[in-house]
Amino acid sequence: MCLKSFATRILGKKASSFGILFVHVPKFTAKLAAMRYSRFFAPTLRDDPADAEVISHKLLLRAGFIRRVTSGVYDFLPMGLRVLRNIEAIVREEMTCAGAQELLLPMVQPSELWQKSGRWEKYGNELLRFKDRHAHESCLGPTHEEVICDLVSRELRSYKQLPMNLYQIQTKFRDEVRPRFGLMRGREFVMKDAYSFHADEASLQVEYQNMFTTYQRIFNRLGLKFRAVEADTGSIGGNQSHEFHVLAESGEDLIAYCSHCDYAANVEKAISTRVIPSFDTAELSNISTPDMTAVEDVAKYLGVEASQLVKTLIYQVTGGAFDGQIIAACVRGDDSLQGVKLARALAADIVELADDAALKTIGSLKGFVGPQGLACKVLIDTSLQAAVGMVAGANKIDCHVSGLSIARDVADAEIADLREVRSDDACSKCDSKGSEGYIKQARGIEVGQVFSLGQQYTKPLGVLFQDQHGKRAIATMGCYGIGVSRLIAAVIEQCHDDHGMIWPLALAPFQVVIITMGKSETAMSASEKLYQDLIEAGIEVLWDDRKERPGVKFKDAELMGLPIHVVIGDRGLDADAIEVRQRAGSKQAISMASVADTIHSIMAEVS
């Protein structure tokens, strides 16, 4: 029923006396296809903001796409929101093609669900907790495993309902200790998170691969150079995970990959092959090393390579079987210890370097720690498992030991992969096949991650179903996330030049910008007609009709990264030669009548 019929039915002939005016309303379209710049809210800046460090943050602020509200929280202005919606549209299309169903879950989550999963305390300070007027504890959702499990546990009955994949695109909040880089690491952000439920592990693996392939399609459609890498499961948990990284020098993550095969992993998980050191098998003996605590200083003083030293680090453990204990972890002197690997080896929540007082409790002191004779658990990196003739701290002031044999002198140590891989290490995957691949490294921006969770959440939250034998069974689960708002920054980090952004056509806030040169009635009328023609042709267009100098208009169009620029001025109109230029490509002069067809041709070529 239309509004007029409804009002007349309820109010009768008195409808007009209530001030109700009936007007023709054009068909609503979900996305505004065109805009005049003179009416558009896009406040640009000429200079880089002082607090912006990376190029994406600088350009998003300068081009009027976002504005800072508070630390790690941003307004999305019309330009920025249009890009966000374009990314969401691609994600939705691919998730739908993959068989997932969209829903929307609440951002506020009750503490009871997080207590059931065991994450209320474990998640840490990133979880923003609060109490309502009834003193009931809740949190702002950083992720939705608990809430989706609660929903499914109340609706799932039979194996016939499985598998199912449910997803949402929604705002999340994580109370980052140091938000930075604009949209790359904010506290409030937009995320696509999907959750799949299965009757068995085999079904989960099928969907895991389905999502993996779907993510590859999404990032390819976004025009990104990216790598999928093996990853640690982190606070989400589970037994298998891959991250998707956009390759960029500004990336916070370091990824390792093989020069020869397809092996790639986050350095938090990456493994490689190192030659096991073996030196003179002399007896263990003390060496005076006055005031020498650094590996480099000791190696230089003794005339040996840093690889001959054992670096022993002492940690305080939180969570797991070793909660509250002090442990020692050892790597070669020329290696770095990877904290995430250590935490995983201990099944701990957190490992932190211990203070000087803790060192005394295990029989050592700062600067001269060695693994032998310590009153605590000792872990040794796999590269040192058979090492002999090593140099280490003597656990005495101004003293080291030489001739250390791991098997003989630290016999009770646990062997684990603790070291962070380095460039030029041999690839473990290739090495096992006799190939010659070696590790290379690159920086990446994590934009997506897939997890195989098993029953980590479904068991404590009671996601049960009746299997085909009539027995009660626990569902198996996977989860799959994409940082939608972070993708805006990631695209810019790869797609920009000295003048501004260079948006791929599928993501651009507008496909075309009309730049009117001068203020003549002829140029304005021609621009108006072309503006309407492009709208009719289904092209998303911004008409820069402002009374600004041409240089200002050109700079703003380049800053905003709009893909196709159409320049209209009296001189071009007189010669019927309208300039059409691509933001990162060639330009050509064509007749006014051919502009729409030319733009369609360009769009077909680049899409």
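These legends go with a handful of close-up views of a predicted model.

Residue numbers start from 1 along each chain as its sequence is written, and side-chain values use heavy atoms, with hydrogens and water left out. Because the model is predicted, local features need pLDDT of at least 70 and side-chain atom pairs count only at pLDDT 80 or more, while totals for chains, interfaces and linings use all residues.

**View 1. Strand β27, covered on both faces.** Here we look at residues 476-483, and 8 of the 8 are buried, so the strand is largely enclosed by the rest of the structure. (Buried means under 20% relative accessible area, with a 1.4 Å probe and protein chains only; helices are DSSP runs of H or I with at least four residues, strands are runs of E with at least two, and both are numbered from the N terminus.) In a regular strand the side chains alternate between the two faces of the sheet. On one side of β27 sit T476, G478, Y480 and I482, and on the other M477, C479, G481 and G483.

**View 2. The partners of β27, β9 and β24.** Two strands pair if DSSP finds at least two bridges between them. β9 (residues 188-198) runs antiparallel to β27, with 8 bridges joining them; look for K192 opposite I482. β24 (residues 439-454) is also antiparallel to β27, through 6 bridges, and Q449 is matched there with G481.

**View 3. Strand β8 and its neighbours β4 and β9.** β8 (residues 164-173) is mostly covered, with 9 of its 10 residues buried. It pairs with β9 in antiparallel fashion over 10 bridges, and K192 turns up again here, as the bridge partner of I169. The short run β4 (residues 101-102) lies parallel to β8, joined by 2 bridges, with Q101 partnered by L166.

**View 4. Helix α15 and the residue after it.** In α15 (residues 550-560), the buried residues are V552, K553, F554, D556, A557, L559 and M560. Just past the helix, G561 takes a positive phi of about 75°.

**View 5. The largest cavity.** A cavity is a set of points, on a 1 Å grid over the protein atoms alone, where a 1.4 Å probe fits but cannot get out; lining residues have an atom within 4 Å of a point. This one holds about 50 Å³ of space. Its lining is M184, R185, G251, E252, D253, G444, I445, E446 and R486, and β24 gives the most, with 3 residues. By class, that makes 2 nonpolar, 2 polar and 5 charged residues, with Asp, Glu, Lys and Arg counted as charged, Ala, Val, Leu, Ile, Met, Phe, Trp, Tyr, Cys and Pro as nonpolar, and the others, Gly among them, as polar.

How values were computed. Buried means under 20% relative accessible area, exposed over 50%, partly exposed in between (1.4 Å probe, protein chains only). On a 1 Å grid over the protein atoms alone, a cavity is a set of points where a 1.4 Å probe fits but cannot get out, and a pocket is an open set with protein on both sides within 12 Å along at least five of seven lines; lining residues have an atom within 4 Å of a point. Grid points are joined across faces, edges and corners, and a volume is the space filled by probe spheres set on the points.
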